[in-house]
Amino acid sequence: MNTENQGYPNFPARPPPSSSSPFASAPPPGVPPQSGGPESVGFRPHTRPFTPSGPPMAPPVGVMRPFQSPLVSQIPGQGIRPPPPPPSSNSFPSTAYGPPGGGSFQRFPTPPPPSGPPQTQTLAGHFSPPRQPMGPPPQSLTSGVPGGYASPPGTGFQQSMPPVNPSYPGVGGPQPSFPPSSYPPQTGGLDPASFPRPLDGDVEPNTFAEMYPMNCHSRYLRLTTSAIPSSQSLASRWHLPLGAVVCPLAEAPEGEEVTLIDFGSSGIIRCRRCRTYVNPYVTFTDSGRKWRCNICSMLNDVPGEYFSHLDATGRRMDLDQRPELTKGSVEIIAPTEYMVRPPMPPIYFFLIDVSFSAAKSGMLEVAAQTIKSCLDNLPGYPRTQIGFITYDSTLHFYNMKSSLSQPQMMVVSDLDDIFVPLPDDLLVNLSESRNVVEAFLDSLPLMFQNNVNVESAFGPALKAAYMVMNQLGGKLLIFQNSLPSLGAGRLKLRGDDPRVYGTEKEYTLRVAEDNFYKQMAADCTKFQIGINVYAFSDKYTDIASLGTLAKYTGGQVYYYPGFQSSIHGDKLRHELARDLTRETAWESVMRIRCGKGIRFSSYHGNFMLRSTDLIALPAVDCDKAYAMQLTLEETLLTTPTVYFQVALLYTASCGERRIRVHTAVAPVVTDLGEMYRQADTGSIVSVYTRLAIEKTLSGKLDDARNVIQQKIVKALREYRNLHSVQHRLGSRLIYPESLKFLPLYGLAICKSTPLQGGPADASLDERCAAGFTMMALPVKKLLKLLYPSLFRVDEWLLKPSADVDDLKDVLRRLPLGAESLDSRGLYIYDDGFRLVLWFGRMLSPDIAKNLLGADFAAELSRVTVQEQENGMSKKLMRLIKKVRENDPSYHPMCFLVRQGEQPREGFLFLRHLTEDQMGGSTSYVDWILQIHRQVQQNA
Amino acid sequence: MVKMTLIARVTDGLPLAEGLDDGRDLPDSDMYKQQVKSLFKNLSRGHNEASRMSVETGPYIFHYIIEGRVCYLTMCDRSYPKKLAFQYLEDLKNEFERVNGPNIETAARPYAFIKFDTFIQKTKKLYQDTRTQRNIAKLNDELYEVHQIMTRNVQEVLGVGEKLDQVSEMSSRLTSESRVYADKAKDLNRQALIRKWAPVAIVLGVVFLLFWVKNKLW
């Protein structure tokens with residue numbers, strides 16, 4: 001097990017300043033790469049060892065292990081166990097963190113023995129710090145260490161990393177002529193610590209918001225680049241996606257809510273030809289009698305009621321009373337023409353599996369309690385309707401007529417020919433039947449607590465629910481505990497057969513097995529039924545098939561593998577409550593219009609396309625986002641700007657029909673560099689993630705990951721070509737400032753649950769569930785999931801001051817690698833879905849005792865964080881609460897992990913350290929090197 | 001049996017409320033809804049209609065009452081007792097006026113009182129079965145008289161507006177054409193006059209001219 005990882009040469013101990021000063025302080029500016037020699041060697045794959053004898057590099061090595069005491073405690077940040085007694089004098093044994101035999105979590109490099117190789121050799125892979133704050137790109141410096149560290153076969157690629165002569169002086173010196181923003185510098189030295197990391201979370205490009213203050217806010221619409229190429233040839237050179245991510249109902253902070261307007265008798269002002277809604281970018285002419293559509297430049301008449309005189313500058317006099325002419329986002333009350341039927345009431349229908357495991361796991365109880373506690377907060381009082389069907393091997397309907405005191409249960413056991421026993425009273429008005437509904441929810445867990453039926457007639461139950469709901473539509477919440485086993489839509493245990501992975505058939509596991517599901521989803525969308533799937537089984541439930549229902553009806557999949565109410569109860573409670581009480585838009589359709597010459601060609605997310613560009617969304621809320629890609633139709637865009645308008649027509653829970661309109665503008669450019677400058681990493685990553693997940697539904701995981709890498713490589717190569725002409729770049733990797741996080745996020749996508757590794761890394765259900773979830777996530781949330789935050793809290797906890805205000809201080813994010821971890825610390829890892837509290841092995845027992853009470857020494861998998869009677873614990877709970885409140889869309893569950901506790905640590909925590917190498921995946925450094933090499937190859 | 005219930009403002013035909021699962025099991029519900037809409041449009045155009053009326057359409061019949069500028073309309077089977085249908089509408093009217101009375105005039109958006117649908121739903125259920133004690137009692141109650149309510153056919157009702165339009169159009173055309181005729185007649189008259197007297201005038205003129213020339217020369 002002496003696998004060492006060259007990719008992680010960098011430990012918290014930084015090179016002393018002296019070592020870096022030769023580079024940092026006086027980089028020979030503009031020195032061209034030294035001819036062929038080092039370069040060509042450097043980038044030839046498989047050039048293995050070279051002896052890094054260059055003096056300048058020597059010092060950094062010194063900082064590394066050899067000069068340090070072999071005591072573990074003196075090496076902060078390495079999660080390494082105490083040395084196992086016998087094997088060697090090596091006090092830093094490599095430790096396998098993986099499950100026994102798997103070794104997949106092995107990650108820490110084996111450090112050289114104290115008496116090890118000469119310094120100069122160890123430094124392979126250690127590099128001078130970056131010359132400029134922004135830009136680290138990599139030049140690779142890894143090489144085999146001639147110290148006798150044989151690399152095991154299979155971790156091969158880092159060995160092939162091109163070594164670079166450490167004495168190479170000019171590499172990466174900032175070239176004075178490069179304006180830093182557009183030509184990020186490159187370094188020959190490779191200091192992973194200086195790689196760009198999105199530690200501030202998602203930074204939205206805001207130059208545009210300033211330039212076009214009338215654009216809608218970026219939380220509603222984000223373009224992948226705010227500069228639209230003018231010609232197809234330019235677009236084809238832009239290898240990144242060209243498109244947008246739309247989150248039409250994003251939650252607005254207090255005071256920035258979208259204005260509601262009513263056009264009244266004049267009717268909604270829209271362009272006659274392209275049906276664009278009136279917006280801030282239309283122009284009024286002919287002294288106010290005509291207006292020109294900004295999207296198709298059609299001249300329209302202004303209706304009499306809407307007429308207003310123009311002032312000398314051509315602006316309307318009543319501009320300040322017309323929010324639709326000053327704001328990028330407005331909500332319009334729709335007249336009768338926009339309704340095919342009266343606005344529907346909010347409808348919640350529950351389809352609950354009550355077979356054996358549902359009662360046993362406590363799911364029924366938690367769900368029933370949560371639904372009951374939410375009854376008061378369901379939107380749309382007093383029109384809200386509610387209904388229930390439960391099922392095991394038979395279907396149970398409940399008559400909830402308001403005049404009854406107890407619900408009546410009706411059992412239908414004919415699964416082949418489903419019928420609904422009552423025409424009405426299965427779906428009832430909540431305010432009228434409140435007592436019956438409550439009585440039902442109280443008795444639900446008791447009714448089935450001794451149920452030993454393990455069958456699940458899911459398909460027939462779904463059909464029955466469909467028959468009850470198809471008059472009005474609404475939201476269908478499915479609680480599924482086992483694999484559907486009876487009736488239509490029964491599924492086979494096609495399971496996690498590892499042999500299928502890697503073959504051409506691999507993808508079939510990830511798509512619905514039975515056409516029944518897609519058909520049902522299509523029917524449901526047609527009748528305005530949105531489906532959310534809650535799955536609880538610890539065994540295979542075929543989320544791939546069940547999730548199809550949610551995918552095509554604009555819903556969501558919630559997956560709680562191995563649900564236990566004591567552990568997952570809180571999570572289910574919060575997420576179900578959120579699902580039930582958040583503001584929801586019913587029976588909606590969305591369309592995005594754009595200027596002449598371009599059109600939206602593909603849409604990605606959870607929805608059904610009704611026509612080529614009309615997105616049908618039976619139920620949509622603030623936690624759903626949709627991505628779309630643009631194509632240029634005409635070879636040359638002649639207009640100076642392009643406009644986009646998103647329109648969502650929906651019924652609000654209060655019974656109003658509304659149209660939400662977001663308008664944005666982007667300039668047309670002829671320069672590729674400008675496009676790079678205006679690129680928005682978050683949006684690009686969002687589109688890529690969706691593309692990659694879609695790719696896994698038709699191909700191998702490997703292919704999907706390669707596609708991501710290839711796309712990034714192509715983009716960077718193009719960027720390189722763009723600049724290599726004017727500047728002698730040598731072999732440096734350059735990238736635009738706006739895309740500095742792109743490679744890292746690309747790596748994170750490849751390591752995300754739907755795409756990571758092979759069969760052993762994530763169960764098929766988890767993969768599919770994560771895939772469905774990520775297809776719908778808004779940009780910010782997705783970026784947080786891809787690059788979760790990690791922060792250290794023990795010091796903060798020990799600080800006596802118990803101010804609430806210093807929370808910001810403690811939430812400073814750390815790079816997501818093992819180097820950030822100190823075994824004396826307590827860390828919190830937060831990806832928006834899970835919180836992991838990582839207890840370092842050397843963490844003072846006092847802290848653990850304070851936080852965990854008497855259980856502090858026990859196996860942490862059985863301990864939960866509870867508030868103890870002391871300040872420290874209260875402080876921590878407050879912090880956790882705060883973190884959870886920051887984003888209420890999901891409830892991050894809290895896991896406790898102690899360093900070295902295997903295999904939990906590996907599964908819960910280590911494998912999510914994006915920057916580290918694990919199993920077959922790549923570390924950040926290696927990833928950059930790989931990309932760099934590929935960029936070079938065909939440059 | 002009540003199939004469909006709509007409440008609309010007479011002045012502009014704006015729908016105010018509608019029974020919820022209307023159109024359930026009704027194959028042609030869209031067609032009937034369309035008819036209701038044109039009926040409302042007719043009413044809003046102000047053709048003086050009776051405040052209570054029944055309109056036959058296919059196998060069904062619309063009953064409506066107009067009260068306080070609001071029209072309450074329901075569609076029933078033909079076999080459904082007229083008396084019950086109007087009782088039902090009265091109930092709706094009383095409740096609607098009680099709840100929404102002051103806001104009816106100011107309602108701006110369609111279905112502003114959609115919340116009323118729960119009441120419609122509830123009331124509808126009471127009237128669903130004609131044989132319940134309550135409904136039989138209502139049927140036997142002589143206080144509420146419905147015999148004089150007129151029954152017409154939907155084509156007829158919808159046609160009324162059309163015919164009136166046609167007539168007024170014809171009459172206006174008649175007016176303008178007769179005016180044209182008068183002008184033309186006047187013109188012709190003048191021409192006839194000219195044609196009749198012009199030769200005489202010319203001859204006289206020539207004679208006078210000759211006289212004048214003769215006197216001058218001499």
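**Close-up views of chain A**

**Figure 1. Chain A as a whole.** The secondary structure of chain A comes to 25 helices and 27 strands. This is a predicted model. Chain A has 939 residues, and 63% of them are buried. Contacts often link distant parts of the sequence: among contacts between residues at least 6 apart, 76% join residues at least 24 apart.

**Figure 2. A buried lysine, A:Lys551, in helix α12.** Helix α12 of chain A covers residues 543-552, and A:Lys551 is found in this helix. A:Lys551 is buried but has no salt bridge. Which side chain of opposite charge is nearest to A:Lys551? That side chain belongs to A:Glu694, 5.0 Å away. A salt bridge needs a side-chain nitrogen of Lys or Arg within 4 Å of a carboxyl oxygen of Asp or Glu, so a pair 5.0 Å apart does not count.

**Figure 3. The surroundings of A:Lys551.** Leaving out residues up to four places away in sequence, A:Lys551 touches A:Gly605, A:Asn606 and A:Phe607. A:Lys551 also touches A:Phe772 and A:Met775.

**Figure 4. Helices α15 and α16 of chain A packed together.** Helix α15 spans residues 681-696, and helix α16 spans residues 701-724. Their axes lie 8 Å apart, at an angle of about 150 degrees. That angle makes α15(A) roughly antiparallel to α16(A), because angles over 145 degrees count as roughly antiparallel. The crossing of α15(A) past α16(A) is right-handed.

**Figure 5. The residues between α15 and α16.** From α15(A), the contact is made by A:Tyr688, A:Leu691, A:Ala692, A:Lys695 and A:Thr696. From α16(A) come A:Leu701, A:Asp703, A:Ala704, A:Val707, A:Ile708, A:Lys711 and A:Ile712.

Definitions and conventions
Residues are numbered from 1 along each chain as its sequence is written. Chains are lettered from A and ligands numbered from 1 in the order in which they are written. This is a predicted model: local features need pLDDT of at least 70, side-chain atom pairs count only at pLDDT 80 or more; totals for chains, interfaces and linings use all residues. Side-chain values use heavy atoms; hydrogens and water are left out. Helices (H or I, at least four residues) and strands (E, at least two) are DSSP runs, numbered from the N terminus. Buried means under 20% relative accessible area, exposed over 50%, partly exposed in between (1.4 Å probe, protein chains only). Lys and Arg count as positive and Asp and Glu as negative; His and the chain ends are not counted. Contact means heavy atoms within 4.5 Å. Axes are lines fitted to C-alpha atoms, for helices over the stretch in contact, and angles run from 0 to 180 degrees between N-to-C directions. Angles under 35 degrees count as roughly parallel, over 145 as roughly antiparallel, 65 to 115 as roughly perpendicular and the rest as oblique. A crossing is left-handed if the near helix is turned anticlockwise from the far one by less than a right angle, and right-handed if clockwise.
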